Amino acid sequence: MGKEAKITIHPSFTIGEISERLFSTFLEPIGTMVNGTMYNPKHPTADDLGFRTDFINGLKDTGMPACRLPGGNFVSGWNWKDSIGPKDQRKVHLDPAWYQYITNEVGHDEYLQWAERVGTESMYTINLGTGTMQDAMDIVEYTNHKGGTWWSDLRRKNGHEEPYGVKTWFLGNEMDGPWQLGSWEKDPRGYGVFSNEVSKLIKWIDPTIETAVCGSSAPFMAHFPDWDEEVLTQCYESVDYLSIHHYHSAPPGDLKALLGGALYYEDFINTEVALCDLIAAKCRTPKKVMISFDEYGAMVRPNAELNPGYGPHNMYRAHYRFNPERQYILHDPDNMKHFCFPGGDMIHALSMASIQLAFLRHADRVKIGCMTGGLGALCASDHDHVWKSASYYVFSQLLKYARGTSMQVDVNSDTYDIPGYAIDDNSQYPTKEGVPYIDAACAWSKEDRSLNLFIINRSEEDEYNIKIDAQAFTGYNFVEHVELHSDDFDAKNTYEAPETIIPKVVAHTDENGTIRHAETTPISKIGNTEVVGVSTVFRNGLLDTSVKPLSWNLIRFERESDELTFEDLLKGNHNEVV
Ligand code: AHR
């Protein structure tokens, strides 16, 4: 016997339009993400620029909307001007952020051309650590101006006749972090003023662009949210997004804390949105600055010993840069260590998905979301191959079905509490009460008449019987319930065993008692799609189904005809058309 939960959705309860870029990715030359995975001229599938086309093709199929590239700490010391033109004339530099040599074999043009080959939009991070205002102007002119100037003609000479048309520009990376090269940690006002000027300048170079200014790199930062407030005060009118990051950590074995991480994300988003609106009020402007959550993740981390010698928020204590043993590494793209997609199991997929559902619930203000490791989630790889991980199925379903308007979901389920915990001196989590075991979000696309519900069961032990009340969506039929689940939480797909975790359709009984997996397909015609448990019944807008412990579930409804308008639904004029 499972536990009981109820979900209600209603056409009047809207949150906001889901931005096409809500589920994007992030790329930085660390680990094997650039050297080895994106770029390896010795790979059998390498193209003329040395890009692995197996990886490109894997990503192409997902419809990944955009990628923030390059980004991360690396950018804050990177001189893009040394990375363009003939490869044998490019300059090799040290990257003190990650103790690596930057050979610039993959440079400014290659990043943008890789994105073109994937068919995804580039969102670009400007170096505002060691970079100057002039560099910022030049990079936009090189990248986006048609021609007839030194920089734009240089781009044409370097092989890209047409402007790249990069629309979104990030004004630095984590500029509040003491670990950042050229950090502005101690001078939020200075960074705000600098960003204001850069943003104005580059918009004068290309008036079609938009900019994102850095907020705090985590809600743990001692200066959060004051730092963000000071920055926004200086540049609110000239920027479009507040760029924030967060990596959630939970101690090993504490799945409740890991999967409840989304609630800390929601607190962070709520505070930043309130802050943006506070500054808007002070500026007497109707303009709303949106949130770009352009790095996020969730991980298991052992508790570190708390260090009594430092203050509770001191970022220096554990920081990698103070390891005197550390050596600079020269990466060989064909011989990289750790050639493997980290994560990829059910727990990884669920912890990231839970954050993504939180973004969906804040779709009115979170307009950009870039998953760290998102490229690996969408296309897992090793030195030789690519395959689909559990994360792929979740992420690509969101890309396909989280469209249109984000809808409020009223969830009535058991809850649990996460007692406050500290991973280290910095990552300190206050107690979180009332985390629902059933985590849900919903998207309604009026254009294609689809209504899609995403559900995670956070419980390790209990299956939940869920009653879904969609009665107010008159005329909508149940299409399918697809679940992703594995009894073995450590199981992963590999190149050799790519179908260890794959989505399965939950069979359902229709009003005549016929077992079906979709509204129009009797079970006998399912072919080789695996169907699990006949546990779903749909009648009169009420769906009874069940979700397994630690599972991901996509529940789809569709309306066949257009005869009922959106306005009818809102006005409650449904009855005559049923
Ligand atoms: O993704 C790893 C790092 O995490 C990025 O370089 C930085 O922006 C963040 O601190």
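Contacts in the protein chain are dominated by long-range pairs: among those between residues at least 6 apart in sequence, 77% join residues at least 24 apart. The model is a predicted one. Its protein chain has 578 residues, and 58% of them count as buried. The secondary structure consists of 12 helices and 30 strands. The accessible surface of the chain comes to about 23000 Å². Carbon and sulfur atoms account for 51% of that surface.

A ligand is present in the model, and eleven residues can be named around it. Phe26, Glu28, Ile30, Gly72, Asn73 and Trp98 belong to this shell. Asn173, Glu174, Tyr247, Glu295 and Thr372 complete the list. By class, the shell divides into four nonpolar, four polar and three charged residues. Several side chains place polar atoms by oxygen atoms of the ligand. For glutamate 28, the distance from a side-chain N or O atom to a ligand oxygen is 2.7 Å. For asparagine 173, the corresponding distance is 3.0 Å. For tyrosine 247, a polar side-chain atom lies 3.3 Å from an oxygen of the ligand. Taken alone, the ligand exposes 280 Å², and the protein buries 85% of this area.

Asparagine 173 also appears among the contacts of threonine 125. Threonine 125 sits in strand E7. Its relative accessibility is 1%, so threonine 125 counts as buried. Two polar contacts of its side chain can be described. One joins the side chain of threonine 125 to that of arginine 68, at 3.4 Å. The other reaches the backbone oxygen of proline 70, at 3.2 Å. Beyond neighbours within four places in sequence, threonine 125 is in contact with Arg68, Leu69, Pro70, Gly71 and Val75. Phe170, Gly172 and Asn173 are in contact with threonine 125 as well.

Strand E7 (121-126) also helps to cover the buried residues of helix H2. Helix H2 spans residues 108-118. Nine of its 11 residues are buried, so H2 is largely enclosed by the rest of the structure. The buried positions start with His108, Asp109, Glu110, Tyr111 and Leu112. Gln113, Trp114, Ala115 and Val118 are buried too. Helices contribute to the cover of these residues, including H1 (53-60), H3 (133-144), H4 (150-157) and H10 (374-378). After H2 comes glycine 119, which has a positive phi, near 85°.

The cysteines were examined next. A disulfide is a covalent bond between the sulfur atoms of two cysteines. A search of the whole structure finds zero disulfides. Cysteine 67 is in no disulfide, and the nearest cysteine sulfur, in cysteine 370, is 7.3 Å away. Cysteine 67 counts as buried because its relative accessibility is 0%. Cysteine 442 also counts as buried, with a relative accessibility of 0%.

Lysine 186 offers a view of the exterior. This residue lies in the loop between strand E8 (168-171) and helix H5 (188-205). Lysine 186 is exposed, since its relative accessible area is 70% and the cut-off is over 50%. Methionine 175 is 11 residues from lysine 186 along the chain. The C-alpha atoms of these two residues are separated by 9.9 Å.

Conventions. Residues numbered from 1 in each chain as written. Predicted model: local features only at pLDDT ≥ 70, side-chain atom pairs only at ≥ 80, totals over all residues. Heavy atoms only, no water. Near = heavy atom within 4 Å. Polar contact = N/O pair within 3.5 Å; in protein donor to acceptor, adjacent residues only side chain to side chain. Areas by Shrake-Rupley, 256 points an atom, 1.4 Å probe, with all protein chains shown as cover. Nonpolar A, V, L, I, M, F, W, Y, C, P; charged D, E, K, R; others polar. Disulfide = S-S within 2.5 Å. Buried < 20%, exposed > 50% of the residue type's maximum accessible area, 1.4 Å probe, protein only. Helix = DSSP H or I, 4+ residues; strand = E, 2+ residues; numbered from the N terminus. Contact = heavy atoms within 4.5 Å.
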